Amino acid sequence: MIIDSSQDSDAQTGLPAVAGNACRVPEPGAVEAEFAGVDGTLVQRRWVEAAVAVRFEQLAPVAAFPVVPGRRWGPGWWWSATTGRHVMHGSQAMCMQLILLDRDPQVVGLSARPVRLIWRDSDSGRTLTWVPQLFARYADGRALLADCPATTAPAAGRAERAAAVLEAACKAVGFTYRRLAPPETVVAANVRWLAGYRHPRHRDAGGLEQAVLKAFAAERPLMAGAAAAGEVLTALPVLYHALWSGRLTADLTRPLGEHTLMTPGPATGDGKRQERQES
């Protein structure tokens with residue numbers, strides 16, 4: 001019997017992968033990976049081989065997101081500023097983590113449910129599977145497999161057992177597995193707002209990019225800087241895009257408003273997004 005436990009909806013700090021008692025896990029060499037090939041057919045390889053050879057950030061989901069009758073939130077698509085394409089998501093918690101990863105300047109690739117891990121449970125002898133919700137590739141080659149629980153509650157039951165297996169399997173190949181903790185409410189609201197200005201068209205809207213950056217060469221309230229840069233309604237989208245990309249920074253743990261103090265950010269350019277546009 002195959003148990004697909006990836007549907008447990010339990011999400012960039014990480015939650016403990018395993019809470020409570022340690023779970024017995026198979027050797028990484030005994031774990032299999034299943035993913036969609038270029039022609040859409042499913043391919044199965046040993047996990048330790050697939051992790052090295054397969055660009056999971058380029059793959060389509062290995063399994064569809066379920067549509068649950070009566071649930072207010074169904075599967076959707078997120079347009080990624082990192083990749084310039086849409087990434088599917090299956091829950092609000094997953095969408096939020098996609099937004100946070102999309103904003104991370106070190107992330108260069110994103111995909112949803114690109115691989116199913118398969119192993120035999122040492123206690124029951126059953127074949128078990130798990131499809132982690134997200135995959136992220138970093139500029140330095142690191143990789144993240146992640147699930148996106150809606151709360152910070154510890155994993156339990158099938159989710160706990162799967163987390164132990166994935167943590168060990170990822171560690172063996174230099175990947176990381178994490179259960180991504182949902183952000184604080186204010187942070188989530190601010191980042192969602194900034195995400196509305198993530199498209200490159202906002203970077204230099206009205207030719208105001210340099211004027212906006214110059215206006216915040218020193219710490220200044222948001223609205224005062226926008227007014228100093230030029231016409232406010234034209235400057236604000238440029239300002240928000242700069243906040244999204246890290247060229248400007250502000251305390252996002254407090255509600256974003258006209259009096260929010262803003263300063264130059266650590267990003268001197270638009271990093272990965274600029275590279276994508278020029279490639």
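**Chatting through the chain**

Student: Is P221 buried, exposed or partly exposed?

Tutor: P221 counts as partly exposed, because its relative accessibility is 29% and the partly exposed class runs between 20% and 50%. Keep in mind that this is a predicted model.

Student: Okay, and where is the place of P221?

Tutor: P221 sits in strand 13, which covers residues 220-221.

Student: Which residues does P221 touch, leaving out those up to four places away in sequence?

Tutor: With those left out, P221 touches F216, E258, H259, T260 and L261. Take T260: 39 residues separate P221 from T260 in sequence, yet their C-alpha atoms are 5.2 Å apart in space.

Student: Let's zoom out. How many helices and strands are in the chain?

Tutor: The chain has eight helices and 15 strands. Its length is 279 residues, and 47% of them count as buried.

Student: And what about the surface, how much does the chain expose?

Tutor: About 13400 Å², with carbon and sulfur atoms supplying 53% of that.

Student: Back to the helices. At what angle do helix 6 and helix 7 pack?

Tutor: Helix 6 (residues 222-229) and helix 7 (residues 232-245) pack at about 120°, and their axes are 8 Å apart.

Student: So why call them oblique to each other?

Tutor: Roughly perpendicular stops at 115 degrees and roughly antiparallel needs over 145, so helix 6 and helix 7 are oblique to each other. Helix 6 passes helix 7 in a right-handed crossing.

Student: Which residues make the contact?

Tutor: On helix 6 they are L222, M223, A226, A227 and A229, and on helix 7 they are V232, A235, L236, L239 and Y240.

Student: What about helix 4 and helix 7, at what angle do their axes cross?

Tutor: Roughly 120°, and the axes of helix 4 (residues 185-195) and helix 7 come within 8 Å. That angle makes helix 4 oblique to helix 7.

Student: Is the crossing of helix 4 and helix 7 left-handed or right-handed?

Tutor: Left-handed. Helix 4 contributes V191, W193, L194 and A195 to the contact, while helix 7 contributes Y240, L243 and W244.

Student: New topic: where does T82 lie?

Tutor: T82 is in the loop that runs between strand 5 (76-79) and strand 6 (86-89).

Student: Buried or exposed, that T82?

Tutor: T82 is buried, because its relative accessible area is 5% and buried means under 20%.

Student: Which side chain does a polar contact join to the one of T82?

Tutor: The side chain of D102, through a polar contact of 2.7 Å.

Terms used. Residues numbered from 1 in each chain as written. Predicted model: local features only at pLDDT ≥ 70, side-chain atom pairs only at ≥ 80, totals over all residues. Heavy atoms only, no water. Helix = DSSP H or I, 4+ residues; strand = E, 2+ residues; numbered from the N terminus. Buried < 20%, exposed > 50% of the residue type's maximum accessible area, 1.4 Å probe, protein only. Polar contact = N/O pair within 3.5 Å; in protein donor to acceptor, adjacent residues only side chain to side chain. Areas by Shrake-Rupley, 256 points an atom, 1.4 Å probe, with all protein chains shown as cover. Contact = heavy atoms within 4.5 Å. Axes fitted to C-alpha atoms, helices over the stretch in contact; angles between N-to-C directions. Parallel < 35°, antiparallel > 145°, perpendicular 65-115°, else oblique. Left-handed = near helix turned anticlockwise from the far one by under 90°.
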